[in-house]
Every structure is written in structure tokens, then in C-alpha cells.
Amino acid sequence: MLRRPFACTLLLCYLAACTSWHVEKEVSPLQLISTKHPRAVRVTRSDGSRIVLEQHNGVLSGVAARDVTEVATSKVSAGKTIGLFLGLSTVAVGIAVIACLSGPGCAYE
């Protein structure tokens, strides 16, 4: 059946919910990129707009450093991860209870 591949695909889609952007304090974009080598950074420009710069094939697209007011990197959020797994566990237990109560041979008929 297709249940297992569908469930795995759905879980992988939810894993992105476990990350969030964290602003890097007191570091220039060049220092951040040269020391941490992130796959993507989100920069806030002086006009307030935000751009996500991703590294493809070793080449990082650019923005003038003088226009950047804030740099953020994507990191795993422990709170979101715990919340995701608790929520999914609650749904799974709820479905199991409903299936048990609505099926034949239920003790509460």
C-alpha cells in the first residue's frame, strides 16, 4: 500500500517546521559565511526587505555588504521539534482510540 511512503513524505514536509531563522549578533556577513559556511543566510537590507541567499555549487549570490543591516541563519528549534512530535503522537493515539472504539469487539458497546 501507499501508506508508508505517503506518511514518510508528509513527515519530511513537516521537518522544515522544526527550523527557524536566528539573527547573528555582532558579526558581519563575510565573517559569518567564512567561519560557519551556512547553506543559506537571510539578510535584511537597509530598506527593510529580506532576501534569502543560498549557496549553489559553491557560489554564493551577492548583495552589497553596506546594504545589509541584519544577518540570520536557519537553525533547528528544539521547541518546535518537541511540539511537532508531541502533536503527531497525540494525533496517532487519537486515531488509534477512535479506531478501537468504532471497531467490532470494542469493550464499550
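## Ground rules and overall layout

Helices here are DSSP runs of H or I with at least four residues, numbered from the N terminus. Helix 3, for instance, covers residues 78–102, and Leu101 is found in it. Keep in mind that this is a predicted model.

The chain holds 3 helices and 5 strands. Walking from the N terminus, you meet them in the order α-β-α-β-β-β-β-α. Of the chain's 109 residues, 17% count as buried. The accessible surface adds up to about 8400 Å², and carbon and sulfur atoms own 63% of that. As for how the chain folds back on itself, take the contacts with a separation of 6 or more: 58% of them come from residues 24 or more positions apart.

## How far to trust it

The mean pLDDT for the chain is 78, and 81% of the residues score at least 70. Confidence varies between the elements: strand 2 (residues 40–45) has the highest mean, 88, while strand 4 (residues 59–60) has the lowest, 54. Where pLDDT is low, the predicted coordinates should not be read in detail.

## The nonpolar core

Six residues make up the largest nonpolar core: Leu32, Val41, Val43, Leu53, Val68 and Val71. Strand 2 and strand 5 (68–76) each put at least two residues into this core.

Val41 is a good place to start looking. It lies in strand 2, and with a relative accessible area of 4%, below the 20% cut-off, Val41 counts as buried. Setting aside neighbours within four places in sequence, Val41 is in contact with Trp21, Leu32, Ile51, Val52, Leu53, Val71, Ala72 and Thr73. Thr73 sits 32 residues from Val41 in sequence, yet their C-alpha atoms are 4.9 Å apart.

Val43, another member of the core, touches Ser49, Arg50, Ile51, Leu53, Val68, Glu70 and Val71, again not counting residues up to four places away.

## A polar residue under cover

Thr44 also has its place in strand 2. With a relative accessible area of 9%, Thr44 is buried. Beyond its neighbours within four places in sequence, Thr44 is in contact with Ser49, Arg50, Asp67, Val68, Thr69 and Glu70. Ser49, Arg50, Val68 and Glu70 turn up among the contacts of Val43 as well.

## Salt bridges

How many salt bridges does a search of the whole structure find? The count is 3. Side chains of opposite charge can pair when their charged atoms come close.

One of the bridges joins the side chains of Glu24 and Lys36, at 3.1 Å from N to O. This pair links distant parts of the chain, with Glu24 in strand 1 (residues 19–24) and Lys36 in helix 2 (residues 29–36), 12 residues apart. Glu24 is buried, at a relative accessible area of 13%, whereas Lys36 is partly exposed at 48%. Glu24 also forms a salt bridge with Lys75, where the closest N and O atoms are 3.5 Å apart. Lys75 belongs to strand 5 and Glu24 to strand 1, so this pair ties together parts that are 51 residues apart in sequence. Lys75 is partly exposed, with a relative accessible area of 35%.

Arg45 and Asp47 have their own bridge, with their side chains meeting at 3.9 Å, N to O. Arg45 is partly exposed at 28% relative accessible area. And Asp47, buried or exposed? Its 57% relative accessibility is over the 50% cut-off, so Asp47 counts as exposed. Back with the other residues, salt bridges that share partners join Glu24, Lys36 and Lys75 into one network.

## A nonpolar patch outside

On the surface, Val93, Val97 and Leu101 form a nonpolar patch, and together they have about 260 Å² of accessible area. Leu101, the helix 3 residue from the opening, has a relative accessibility of 46%, so Leu101 counts as partly exposed.

Note on methods: Residues are numbered from 1 along each chain as its sequence is written. This is a predicted model: local features need pLDDT of at least 70, side-chain atom pairs count only at pLDDT 80 or more; totals for chains, interfaces and linings use all residues. Side-chain values use heavy atoms; hydrogens and water are left out. Patches are made of residues with over 30% relative accessible area and no salt bridge: like charges are joined within 9 Å, nonpolar side chains (Val, Leu, Ile, Met, Phe, Trp, Tyr) within 5 Å. Accessible areas come from the Shrake-Rupley method with a 1.4 Å probe; for residues, only the protein chains shown count as cover. A salt bridge is a side-chain nitrogen of Lys or Arg within 4 Å of a carboxyl oxygen of Asp or Glu. Buried means under 20% relative accessible area, exposed over 50%, partly exposed in between (1.4 Å probe, protein chains only). pLDDT is the predictor's confidence in each residue, from 0 to 100. Contact means heavy atoms within 4.5 Å. A nonpolar core is a set of buried Ala, Val, Leu, Ile, Met, Phe, Trp, Tyr and Cys residues joined through side-chain atoms within 4.5 Å.
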